[in-house]
Amino acid sequence: MALLGGCATNSLFVDYPSQARQWKSSLASEATNPAVDQNLKKAASGGDGVLYLQELGRVSQLNGEFAQSREAFASAINHYDETDAGARIQASSLAASGASLITNDNARPYVAPDYERIFTHAYQALNYWADNDVTGTAVELRGAALEQQVAANKREKEIAKAEDDAEENKIDLNQYEGYFQGLDAVAGQVKASFQNAWTFYLSALFWEAHGEYNDALVDYKKALEINPSANMIKEDVQRVSNALKGRKPEDGMVAVLYEQGFVQPREEFNLPIPTVHGVFSVAFPTYSIGNKPRPNALRVLDSASQPLGETVVLADVGALAAKDLKERLPGMLVRQTLRATAKYNAQKKANDDFGSLGALLTQVYNLVSEQADRRSWLSLPAYAQATRFSLPQGQHTLVLSTPGGNATLTVPVVDRGLTVIHAVAVPGRLITRVLPVQEGPL
Amino acid sequence: MRLLSMLLLGVAVVLSGCASKVDYGDAQARETVTTDFGSTDLQMIAAKMVDDMLVFPPIVQMTQNRRPVLFVDRIKNKTTEHIDTESITDTIQSKLINSGKFRFVDMTVVDRVREQLDYQSESGLVDPSTAAQMGRQIGAEFMMYGNLSSIVKRDDSTKDVYYKFTLKLLNIQTGIIEWTNEKEIRKTRSKSLFGL
C-alpha cells in the first residue's frame with residue numbers, strides 16, 4: 001500500500017488525502033523536495049492531471065519557485081479552457097463513467113470545482129505580481145473575477161439538472177438528507193461554494209494602488225456583499241468612494257494576505273446496504289465539523305510592539321469545499337445508487353454462475369473497489385485572511401505574530417503605493433514574502 | 001499467414017493513426033481554433049487600423065509633402081488573456097512604414113542606441129568622421145497608443161468574447177488627438193454535442 005501511495009497517479013485505489021500528505025509535509029521544511037515535484041509532474045499527465053497541476057503550482061509557489069508554479073497554473077488554466085470547450089457528451093468521459101460504474105467515482109477524470117479555479121487565478125496573479133509583471137497580474141485578477149461571475153450564472157441551472165436526473169432514475173434524494181448533516185455544519189454560513197471575498201479583496205487592493213478606483217470600489221463592494229459584517233471592508237469602501245470624489249489618501253498602504261493551515265480533506269463514510277446476496281458498502285465522501293481547524297488571526301506589530309492590524313477571515317476554504325460537495329451530492333447520489341445496482345447484479349451473477357466462492361470474490365472486489373471520491377485541492381489554506389493599515393513613506397520593521405510562529409520583516413512603504421506581505425502558515429513553518437510595491441497608473 | 005498479414009495491417013493502421021504530421025499552412029488563413037485572441041484577430045485589427053488611417057482626409061493632407069515621425073507608446077491590455085500587444089503595434093508600424101507615409105522612432109531600443117553612441121564617441125576605436133553624433137536624433141511629432149479590452153460571457157454551451165481595440169494618434173506638441181479608430185471583434189463558440 002505504501003508503495004502504491006508513493007507513485008500513485010490516480011486515486012482509484014489509493015485515496016487522495018494520503019497521497020497529498022507527501023507534498024503537504026514536504027512544505028514544513030525550507031529545502032525543496034525534488035521527489036515531490038517529480039511525482040506531481042508525473043501525475044499531472046494522468047486523468048486527474050489538473051488536480052496535480054494545481055497542487056504543483058501551489059507547492060512550487062510556496063517554495064519560491066515562481067517559474068515552475070506559473071507553468072503549472074498556466075497548464076491548469078489550459079485544462080479548464082479545454083474542459084469548457086469540450087463536447088457536452090464525450091466518448092472518453094463516457095468510458096470513464098462506465099469504468100466508474102464498476103469501480104468508483106475516482107475513475108471519472110477530475111473536474112476542478114469553481115472555487116479551485118478562482119484560487120488558481122488568484123495564485124497565478126500572485127506569481128505575476130512577484131515578478132512585478134503588472135499587466136499579467138491584472139489579467140489574472142480579471143480572470144478570477146470572471147470565474148466567479150460565470151460560476152454564479154451557471155450554478156442554479158446545474159442544481160436543477162441534477163435534481164431532474166434523480167427524478168428520471170427514480171431516486172429519492174431526501175432519504176439521504178440525514179447522513180449529510182456534517183456537511184451543513186462545515187459549510188456554515190457560506191451562501192455559495194464559489195463566493196470568495198479574499199480574491200475580490202486582493203484585486204480591489206491592486207486596483208486601488210494603481211488608481212483604478214472604480215474597479216477597486218466594485219471589488220470591495222463584492223467582498224463586502226459576501227462578508228457583510230467586516231468593518232475593515234466598510235472602511236475600504238468609504239475610502240475608495242472618497243478617492244473617487246478626489247480626496248485621495250496620502251500615506252502608503254501595507255496589506256497582509258494570510259493563509260492559515262491546510263484545508264481539511266474529505267472523509268469517507270460507508271453506508272452498508274444488506275441484500276440477500278451479501279452486504280453492499282456504498283462509500284460517500286463527507287466532511288465532519290470535528291476535524292475542521294479553527295481560524296486564528298495573524299497580528300501585525302510595529303518595532304515598538306504596538307499593534308498595527310489583525311487579519312480577518314475573508315474566505316473559509318473548508319466551508320467552500322463542503323458547500324461545493326453539497327452542491328454535487330445529488331449527482332453523486334444518483335451515480336452511487338446506479339453503481340450499487342451494477343455491483344449487486346455482478347455479485348448476483350457470480351453467485352448464480354460460480355456459487356459461493358464467486359460471490360465471495362465479487363464481494364471482496366466490491367468492498368475494495370468501493371472508495372469515496374475524496375479528491376480535492378488539498379494544499380489550499382483552511383482560511384484565507386487579510387488585513388491592511390497605512391504607514392508613512394520609508395522602511396518599516398514589522399512583526400507578524402501567529403500561534404504557529406513569528407516573523408520580523410523590513411518592508412518598503414511608498415506614499416499612495418501598496419506593499420503586500422504574503423504570509424502562509426503551514427504546520428511547523430511560517431512562510432513570508434514581500435511582493436513588489438504597486439503604485440502609479442496601470 | 002493470413003492472420004499474420006491481418007496483424008501487420010492492424011499494426012500499420014494503429015501506427016499511422018498515432019503518427020503526427022507537420023505541414024506548412026497559409027499565415028493569412030482564418031484561424032478559429034478557440035475564442036482566444038489569435039492571429040486572424042491581430043491581422044484584422046492591423047489591416048483595419050492602417051487602411052482607415054491612410055485614407056483619413058487630414059492625414060492624407062498631412063502626409064502629402066512630408067513623412068511625419070511617430071513613436072508607439074503601448075497598447076494597454078485590459079482583457080482576461082495574456083496578449084502580446086506589442087506584436088499588434090509592430091504589425092501596424094510595419095504597414096505604416098511600408099506605406100511610405102510615416103517614419104518611426106523606436107523607444108524600446110533607446111538604451112542600446114545610447115550604448116552604441118557612447119561607444120562611437122568615447123571608445124576611441126571609431127573614426128570620428130564616421131561616428132554618429134550625439135544630439136542629432138529627430139524628435140517624434142506624434143504618439144500612437146491605445147487599448148485592448150474584452151467582455152467575456154460564458155455558460156455551459158456557449159462562450160462569447162467581444163474584443164474592442166482602440167488606437168489613437170496624439171500630437172505631442174498640441175495634445176490634440178489627430179486620429180482615432182476602433183475595431184470590434186466578436187467571437188462565439190458553441191459546444192458540439194458529441195466528441196471524443
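A residue is called exposed here if 12 or fewer other C-beta atoms lie within 10 Å of its own C-beta atom, and buried if there are 20 or more. Keep this cut-off in mind while touring the model, which is a predicted one.

Begin by selecting Ser305 of chain A, which sits in the loop between β5 and β6 of that chain. With 8 C-beta neighbours inside 10 Å, Ser305(A) falls in the exposed class, because 12 or fewer is the limit for that class. If you query its backbone torsions, you will find a positive phi of about 65°, although Ser305(A) is not a glycine.

Next, extend the selection to the two strands on either side of this turn, β5 (residues 299-302) and β6 (residues 307-310) of chain A, which run antiparallel and are joined by three bridges. Together β5(A) and β6(A) make a hairpin, with four residues between them. To see one of the pairings, pick Arg299(A), whose bridge partner in β6(A) is Glu310(A).

Now keep β5(A) and add strand β9 of chain A, residues 394-402, which pairs with β5(A) in the antiparallel sense over four bridges. Within this pairing, select Val300(A) and look across to β9(A), where Leu400(A) stands opposite.

Adding β10 of chain A as well brings the whole sheet into view: four strands in the order β6-β5-β9-β10, forming an open sheet with antiparallel pairing. Which strands stand at the edges? They are β6 and β10 (405-413) of chain A, and each has a single partner strand, so one side of each is left without a neighbour in the sheet. Viewed along the sheet, neighbouring strands are turned by 25° against each other on average, when direction is ignored.

Finally, leave the sheet and select Asn132(A), which lies in the loop between α7 (114-130) and α8 (134-168) of chain A. Asn132(A), which is not a glycine, also has a positive phi, in this case near 55°. Is Asn132(A) buried or exposed? Asn132(A) is exposed, because it has 12 other C-beta atoms within 10 Å, and the exposed class takes in residues with 12 or fewer.

How values were computed
Residues are numbered from 1 along each chain as its sequence is written. Chains are lettered from A and ligands numbered from 1 in the order in which they are written. This is a predicted model: local features need pLDDT of at least 70, side-chain atom pairs count only at pLDDT 80 or more; totals for chains, interfaces and linings use all residues. Two strands pair if DSSP finds at least two bridges between them. Axes are lines fitted to C-alpha atoms, for helices over the stretch in contact, and angles run from 0 to 180 degrees between N-to-C directions.
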